[in-house]
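Trainee: I'd like to learn how to read a model of a protein with RNA. Can you walk me through it?

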Amino acid sequence: MKKYYITTPIYYVNDRPHIGHAYTTILADTLSRFRNLIGDTSFFLTGLDEHGLKVQQAAEKNGVTPAVHCDTMAPAFIELWEKLNINYSDFIRTTDKRHTKIVQNILNQVYDNGDIYQDEYEGWYSISEERFITEKEVESGLFGEVKKIKEKNYFFKMSKYQSELIEKIESNELSIQPKSRKNEVLGFLKNDLSDLCISRPKARLEWGIEIPFDKDYVTYVWFDALINYISAPKYSEDNKIFDLHWPADVHLIGKDILTTHSVYWPTMLMSLNLPLPKTIFAHGWWLTDDKKMSKSLGNVISPLMLIDEFGVDPVRYYLMSEMVLGLDATFSMDSFTKKYNSDLANDLGNLVSRVCTLISNNFDDKMPSYNAKDSELSERFNSINIKEHLDHFKIDGLLHEVMSFIRSVNGYMEKNQPWKLVKEDKESAGNILYHASEALRVSAIMLSPVMPEKSKEILAALGAKDLKLEWGILKSGDKILKTGPIFPRIIQ
RNA sequence: GGCGGAGUAGCUCAGUUGGUUAGAGCAGCGGAAUCAUAAUCCGAAGGUCGGGAGUUCAAAUCUCUCCUCCGCUACCA
C-alpha cells in the first residue's frame with residue numbers, strides 16, 4: 001500500500017470560513033478519497049493558523065483574549081467541514097501543545113545549525129497598522145503616525161539556500177504546479193533573496209510561540225504556521241510516524257500563498273535537512289458573476305448557500321467539475337443549474353430511474369443475469385485511467401470522462417431498447433440491463449470521492465454491495481431498491 | 001518597465017513532439033423514440049483558432065510584431 005500525504009493550508013482565524021476555504025478543503029477531500037479508491041492510503045491534514053497580529057487584533061476588537069477568540073472561531077470551521085462531509089485524517093491547531101512544542105524544537109535546531117542570527121533592523125513603523133512599512137508607504141501618507149524604529153530581531157538565513165532551491169524547483173524535485181506558478185516562483189527567485197525575519201518582540205506582539213532561546217520574542221506567524229505540515233506527523237517526536245508520512249505528496253494551496261510555500265517553507269526544510277514536499281499545487285479563485293447575480297437575485301450568492309437547498313454533493317460536484325486545473329472559475333446560479341440538470345438530473349439520475357424501473361417491471365425487482373460478461377460498456381470502462389488524471393490534478397477531466405461514460409450508457413440503452421427486446425427475448429434484455437446496471441455501479445463508485453452520499457444512494461438503488469472497481473460484480477438475483485429521483489430536476 | 005500566462009463555435013473549455021474535413025459539454029435548430037426525473041437518442045448547422053507578417057510541402061501549434069485581459073515583480077528620473 002502506498003501512502004499519500006495531502007494537506008490544505010491551515011486557515012487563518014481572523015475571519016470566518018468562506019468559499020475559498022471550502023473549495024480548497026473539498027478539493028483536498030476529493031483527492032484524498034480518490035487516492036483511497038485507487039488503493040493508496042491517504043493521510044489528509046487540515047487545521048487552523050491561530051497566532052499573529054491579526055488574530056490578536058481581532059480578539060481585541062471583540063473584547064476577548066486571543067485564546068478565547070480562537071476557541072470560538074474553531075467550531076465555525078469544524079462545523080462547516082462536517083456539513084461539507086470532509087473526511088480529514090487530522091485537524092491541527094497551531095495553539096495545540098503538540099505543535100508549539102515542535103516549533104520550539106525546530107527553532108532550537110535551526111539556531112544550533114547556525115541558521116538563525118540576531119540583527120538590528122531600522123525602518124519606518126506605523127503606529128496604527130502596528131507594522132513596518134516601506135518608504136513608499138510612508139510617502140503615501142496613508143499610514144497615520146509613523147516613526148523610525150530600531151529593533152533587534154532574529155533572522156533565518158533563507159538566502160543561504162537560494163541556489164539550491166532554484167535547482168530543486170527546476171529539476172522538479174520540488175514540483176510546483178501549474179507550470180505558470182512554477183515560472184512565477186523562479187521569476188521571483190531571480191532576485192536576491194533576503195533573510196527572513198522570524199521573530200517579533202513581545203513588546204508589540206504577544207500572541208505567538210515564544211522563541212525558546214529568548215523569552216522577549218515570539219515567533220513570526222508564517223514560520224510557526226508552515227511547520228504544521230511536519231508537526232502533525234510528529235517531527236522530532238516520533239520518527240516512525242514521521243518517516244511514514246513525510247515528505248508530503250502534495251500541499252494544496254491558493255495562489256495567494258505561493259511564495260510562503262514555495263520559498264520560505266522549502267528553505268526551512270533544507271535547514272532541517274529534510275526532504276521537500278513532492279508537489280505544491282496552487283489552485284485558482286472562485287469569482288462571482290456579480291452582474292448577473294445582482295440582476296436576478298438582488299444579492300450575491302455563494303456556492304455555500306446552495307447546500308441547504310440542493311444538498312452538499314451537487315455543490316461538491318459543481319465545484320470539482322467546473323474549475324479547470326489552476327485557473328479561476330466563475331460561479332453563477334445559472335451555470336450551477338445547468339450543470340446540475342444536464343449532468344446529474346438528466347444524464348445520471350434519469351438513467352438510474354429508467355434502468356431500475358425496467359428491472360422492477362420486467363424482472364420482479366431482481367438483478368437480471370448476463371449472457372456475456374463483456375460489452376462495449378465494459379470496454380469503455382476499462383479504458384478510464386483514474387490515476388493518470390489524479391497524477392495531473394485533472395479532477396475536472398476525470399469527471400468529464402466519467403460523465404461521458406454515463407452518457408454512452410444512455411446511448412447503449414437507446415441502441416438496444418431493452419423495453420422492446422424484453423417482449424421477444426427476455427434473456428437478452430436482461431443482459432442489456434445487467435450491463436447498464438454494472439456501468440452505473442462503477443460510475444457511482446468513480447463519483448463517490450466527489451459525491452459520497454449520492455453515490456451510496458445509487459448503489460443502494462442497484463442493490464450493489466461490492467464496491468470493487470471491476471466489471472461484472474453485481475450479483476444476478478439480488479434485490480434492487482427502486483426509489484424516487486436521486487437528483488430531482490431544478491425547475492427554473 | 002521586466003518576467004510569465006491567457007486570447008479556439010453564442011457560453012465553459014480540450015487540442016500531446018507542426019500533418020488527414022479544428023474537438024467536447026451546454027445553449028440553439030431539425031428529426032426519432034416514449035422504458036425514464038417533459039428525461040433520452042440521432043442528425044445538421046455553427047470557428048479567417050485575437051490582428052498582421054514570416055519559416056515550412058504543411059501552423060491553432062514554430063519565429064517576429066501589434067492589440068486585449070490576468071498574475072508576479074520592479075520602479076523612475
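Trainee: Which parts of RNA strand B do the atoms within 4 Å of the protein belong to?

Mentor: Sort those atoms into backbone and base. In this predicted model, 70% of them belong to sugar or phosphate, and the rest to bases.

Trainee: And which residues come nearest to RNA strand B?

Mentor: A residue counts as near if one of its heavy atoms lies within 4 Å. There are 30 residues around RNA strand B, and G349, N350, R354, F487 and R489 come nearest.

Trainee: What do the side chains of N350 and R354 approach on the RNA?

Mentor: Look at which kind of RNA atom sits across from each one. For N350, a side-chain N or O atom is 2.4 Å from a sugar or linking oxygen. For R354, the partner is a base nitrogen, 2.5 Å from a side-chain N or O atom. E184 also has a polar side-chain atom 3.2 Å from a sugar or linking oxygen of RNA strand B.

Trainee: Which helix gives the largest share of the surface near RNA strand B?

Mentor: That's α15, with eleven residues. α15 spans 333–362, and α7 (179–188), α18 (395–416) and α19 (418–424) each supply at least two residues as well.

Trainee: How many residues of that surface are nonpolar, polar or charged?

Mentor: Count by class: nine are nonpolar, ten polar and eleven charged.

Trainee: Now a sheet. What is the strand order in the open sheet of four strands?

Mentor: Read across the pairings: β5-β4-β6-β8, paired antiparallel. β5 (131–133) and β8 (196–197) are the edges, each pairing on one side only. β4, residues 116–126, pairs with β5 over three bridges, and Y125 stands opposite F132 in β5.

Technical notes
Residues numbered from 1 in each chain as written. Chains lettered and ligands numbered in written order. Predicted model: local features only at pLDDT ≥ 70, side-chain atom pairs only at ≥ 80, totals over all residues. Heavy atoms only, no water. Pairing = 2+ DSSP bridges. Polar contact = N/O pair within 3.5 Å; in protein donor to acceptor, adjacent residues only side chain to side chain. Nonpolar A, V, L, I, M, F, W, Y, C, P; charged D, E, K, R; others polar.
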